[in-house]
Structure formats: structure tokens, C-alpha cells
Amino acid sequence: MVAYTSPEHHPAFEEYCETIFELAEDGVKVIQARIAERIEVSRPAVSEMVRRMEDEGLVDLDGTEIKLTASGRSLATTMVRRHRVAERFLTDVLGLSWASAHHEAGKWEHVISPQVETAMLDLMENPTTCPHGNPIPGSDYVELQMVPLSEVPVGSEFAVARIPEELEFRTGMLEYLEESNLLPGVVGTVLAISPVGTTTVELGESVIGLGKFASERILVNG
């Protein structure tokens, strides 16, 4: 397990670096509009913060695209790691729901010390992913071949692998997926794909529908 450390920064810098990391991880081009949408602030506020982060040496601008520098990536990795460790602890140890854990982890990530982080990991026997299957930076995570659920042919089985961060910020999505038992490791079968991209899947004894946006982003092992 690799320990990530970074200099102390204002929580706003931490949040922005984490957001940029996660957007890039999900394959989203990181521009100011995407950051504004993700953290629900105005475009002028994002513009000002990006300028300050550039002055701090945390980001570089490539035209309209925003990229983390080495320092920015180090800070982002620390925050993502702590957030995902906290989510795992809150769900696995304290029994919180996915949605509650995601919300609380957003607070914990700014205050967890390296000592506490290590103790949490030891207690949980060093998990490699968050509850949604996203890798914990510095863990022994090994990425297997994955495809979007939308690409699984009708009649084929799949195993849920990852619920990307992009879906965690969609109102009600985490609650719906958890209640539907669409969890990492669960095996299902694609029953139908509608002309508008809605995917109907069977999970055990239940049948659920997923819209185009979700089915194109949920990653599975075919």
C-alpha cells in the first residue's frame, strides 16, 4: 500500500483538484463548465479559482482544458484516496448507505490524518476500491477488462465492476442503484435495450431499467 502525502492546502483547492482528477478519470474533458456543473458553483467562481490554482502551481491550462500539475495531482490523489477510504469505512464498518457515505466522506476527506487513514485501512484489511468499485489510489488494485453496460449484448451475462464518480453526483442515482442491488460483483443479464438506449437488466429475482446516461457509464465485466 503506497501512502500519499501532500502539502497543506485550503479545502477549496483540495476540492477542485479532486474534481479535476475525477472528471479526467471518467474520461470527461476538464473545462470550467464541467467543474461548475460538478461542484455546483458559478462559472465566474470557477474561473477565479482556476486562476488562483494556476498561480499556486496546481494546474496548467492547455487552451480551455485544465490539467493538474505534478503538485496538483499529488494533492488530488491524496483527497481521492481519503474520500474512497472514508466511503469504504462508512459503509462497511458503520453501515451507512451509499448516498450517506458519499456525503459524509466529502467532509472526512479534509480532516483524516495519515495515522487515522492507515488505521482505517488496517482495520478493513486494505480494500482496493471504494464501495462503488472505483480504485483507491496506492492500493493493490488491478484493473480488469471492462466495458460499458450499454455494450453488453441482449441475453448476455455481466458482472458489475464500477459505478463511476460521474454517476455519484446524479441526484438519486446512488440510492436507486443500491436499492436495486446493482453493486460491484453482482451478476446480471441484459434482457433488452430500447431504441432510446434504456437497458433492462435482470439481477437475481428483480428486473430494473437503466437510462442511456447510466448504462453508458456503468462498467461491467462481460
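In this predicted model, helix 1, which covers residues 11-25, and helix 2, which covers residues 32-39, have axes that come within 10 Å and cross at roughly 110°. With that angle, helix 1 counts as roughly perpendicular to helix 2, and the crossing in which helix 1 passes helix 2 is right-handed.

The residues that bring the two helices together can be followed from one side to the other. Helix 1 contributes E15, Y16, T19, I20, E22 and L23, and these meet R34, I35, R38 and I39 of helix 2. Sorted by the character of their side chains, the residues of this contact between helix 1 and helix 2 divide into five nonpolar, four charged and one polar. Among the charged residues are E15 and E22 on the side of helix 1 and R34 and R38 on the side of helix 2, while T19 of helix 1 is the polar one.

A separate matter is that of the cysteines, and here one may ask how many disulfides the structure holds. The structure holds zero disulfides, and the reason can be read from the position of C17, because its sulfur lies 20 Å from the closest cysteine sulfur, that of C130, which is too far for a bond. A disulfide would need the two sulfur atoms to be within 2.5 Å. Seen from the other end, C130 is likewise in no disulfide, the nearest cysteine sulfur being that of C17, 20 Å away. As for their surroundings, C17 is buried, with a relative accessible area of 0%, and C130 is buried as well, with a relative accessible area of 0%.

Conventions: Residues numbered from 1 in each chain as written. Predicted model: local features only at pLDDT ≥ 70, side-chain atom pairs only at ≥ 80, totals over all residues. Heavy atoms only, no water. Buried < 20%, exposed > 50% of the residue type's maximum accessible area, 1.4 Å probe, protein only. Axes fitted to C-alpha atoms, helices over the stretch in contact; angles between N-to-C directions. Helix = DSSP H or I, 4+ residues; strand = E, 2+ residues; numbered from the N terminus. Parallel < 35°, antiparallel > 145°, perpendicular 65-115°, else oblique. Left-handed = near helix turned anticlockwise from the far one by under 90°. Contact = heavy atoms within 4.5 Å.
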